[in-house]
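User: I'd like to learn how to read a few features of a two-chain model. Can we take them one at a time?

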Amino acid sequence: MRWGAFFSVMVIVALIILYEWPKMKQNPKKDKMAFFTLLFIGLVLSMFDLPHMGGPTAWIQSLFRPFGRFMEK
Amino acid sequence: MEKGKISSLQMAIMMYPAIVATAILGVPSITAKYAKTDLWLSPILASFLGYATVYIAYKLHKHYPKETVIQFSEHIMGRFAGKILGFLFCFFYIQVAGLIVREYAEFVVDSFLVNTPISVIMGSIIFLCALTVYGGLEVLGRAAQVFFPIFILAIFFFSIFLGPDFEWKNIFPILGNGVMPPIKGGIVPGGWFTEFFLISFLLPFLADQKKGMKYGMMTVFVVTMTLVLINLIVLFVLGPATSFKVYPLMSVARYISLADFFEHLESFIMAVWIVGAFIKLSVFYYAAALSTAQWLNLSNYRPIVWPIGILILEFSFWSLPNTMGLERYLVGTFPLFALLIQTIIPLFLLMMASIRKRKRQASQ
């Protein structure tokens, strides 16, 4: 766990909420849900050691492995 | 969702840096690895993908004039399959925006701000682009309009100032090893050309929709010419050494010397290039924010602009431990993945849309 990254993302998330919340008070509930869900995903992801972790990018890379081998020649 | 209107010329001006900015940076050396001295032919071959993509995007736009790809894929494929496809597009644009940020930051850290932490550079450019995207499509179009002349003039002067260093015979032998090397070299630029599918997010908001196709095709042509010009400059100055440089354009810029007085013009070139990268990232960021908002049926895309910025920042690190990992992804995965998402799937959608239309007309 990288505390530095996690805490800086947490500060950024707090700033975003402070900045955005007054503007979106009258928006539909769906907007607020999406806003907080995306922020939450961002916060959760920041807990991991992302550069050395498998993820969508790595999955796609292994999906296209034959093409990668063709390009390496 | 988006109330702003842009002109088709503004669309062209936005799309030009959106393709060229990163394509002139590292791509010439990747192309040179495969095509050797024929690297200037590769963008011409790759441009056919660009023309095809613009044609497909425009035809789809004709079927559903007021909707972006996220909305009409639901109409074409049905609700469930359309949602899956829409998710694919959202994911693709967020991920590509992450890759652009990473390329940009790696370049800046590698060549200039050696001691600055990479996350600071990424954070600052994302912050700037988030402000632009938050402003809306019109702001984005105007910003591109302001910066476009600087970008073009820089490339123009760049090619003039390097004139004395040109070694014209570097271009020979033309097609010395047959046509296969330039074709293989065209694969990676081809991935960049498929990014023209972004016009699908801009076409619904054009004030003069009829000109969309014309300006789109024109942009592909101008982009092709620019890439050919840049590749030729790099080839004329560096010759066979092109493939060993990570950022050939930067290495070439160091050769500029005017009257023994103006030296180190590469910092100027970089300043201009950053402007291009800013437009590029903003356009992709806009596409990511708009497509996510439409995918979730939100009333406005503005509330999710900042959260998406955090996701872009995280995607720029995810599974890419170092520069080598990034380059391996850009060469070995990105061209085919981009082709699949941005040309083949839309082609499939277009076929389904026209079959549906014909059926509807037959039943009437």
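User: Which residues is E314(B) in contact with, leaving aside its neighbours within four places in sequence?

Analyst: Keep in mind that this is a predicted model. E314(B) is in contact with I41(A), G42(A), L45(A), S46(A) and L50(A). One of these has a polar link as well: the side chain of E314(B) reaches the backbone nitrogen of S46(A) at 3.3 Å.

User: Where does E314(B) sit, and is it buried or exposed?

Analyst: Look in helix α14 of chain B, residues 305-315. The relative accessible area of E314(B) is 5%, under the 20% cut-off, so it counts as buried. E314(B) is also 9.9 Å from I94(B), C-alpha to C-alpha, with the two positions 220 residues apart in sequence.

User: OK, on to the interface. How do I read its size?

Analyst: The usual figure is the accessible area lost when the parts come together. Here chain A and chain B bury about 3,300 Å² between them, with 72% of it on carbon and sulfur atoms. On chain A, the three residues L38(A), T57(A) and M71(A) supply 20% of the area that this chain buries against chain B, more than any other three.

User: How many salt bridges and polar contacts does the rule find across the interface of chain A and chain B?

Analyst: Zero salt bridges, but 10 residue pairs in polar contact. The chain A side that touches chain B draws two or more residues from each of α1, α2, α3 and α4 of chain A. Of these, α2(A) gives the most, with nine residues. By class, that side has 23 nonpolar, nine polar and six charged residues.

User: What about nonpolar cores?

Analyst: In soluble globular proteins, nonpolar side chains tend to be buried together. The largest core here has 156 residues, and Y93(B) and F158(B) are among those with the most contacts inside it. Beyond its sequence neighbours, Y93(B) touches residues including F197(B), F201(B), F284(B) and Q342(B).

User: Last one: how should I read phi?

Analyst: Most residues other than glycine have a negative phi. Two residues go the other way: N297(B), with phi near 55°, and S319(B), with phi of about 60°.

User: Where are N297(B) and S319(B) found?

Analyst: Both are in loops: N297(B) between α13 and α14 of chain B, and S319(B) between α14 and α15 of chain B. Their exposure differs, as N297(B) is partly exposed at 43% relative accessible area, whereas S319(B) is buried at 11%.

Technical notes: Residues numbered from 1 in each chain as written. Chains lettered and ligands numbered in written order. Predicted model: local features only at pLDDT ≥ 70, side-chain atom pairs only at ≥ 80, totals over all residues. Heavy atoms only, no water. Helix = DSSP H or I, 4+ residues; strand = E, 2+ residues; numbered from the N terminus. Buried < 20%, exposed > 50% of the residue type's maximum accessible area, 1.4 Å probe, protein only. Contact = heavy atoms within 4.5 Å. Polar contact = N/O pair within 3.5 Å; in protein donor to acceptor, adjacent residues only side chain to side chain. Core = buried A, V, L, I, M, F, W, Y, C linked by side-chain atoms within 4.5 Å. Buried area = accessible area lost by both parts, 1.4 Å probe. Salt bridge = Lys/Arg side-chain N within 4 Å of Asp/Glu carboxyl O. Nonpolar A, V, L, I, M, F, W, Y, C, P; charged D, E, K, R; others polar.
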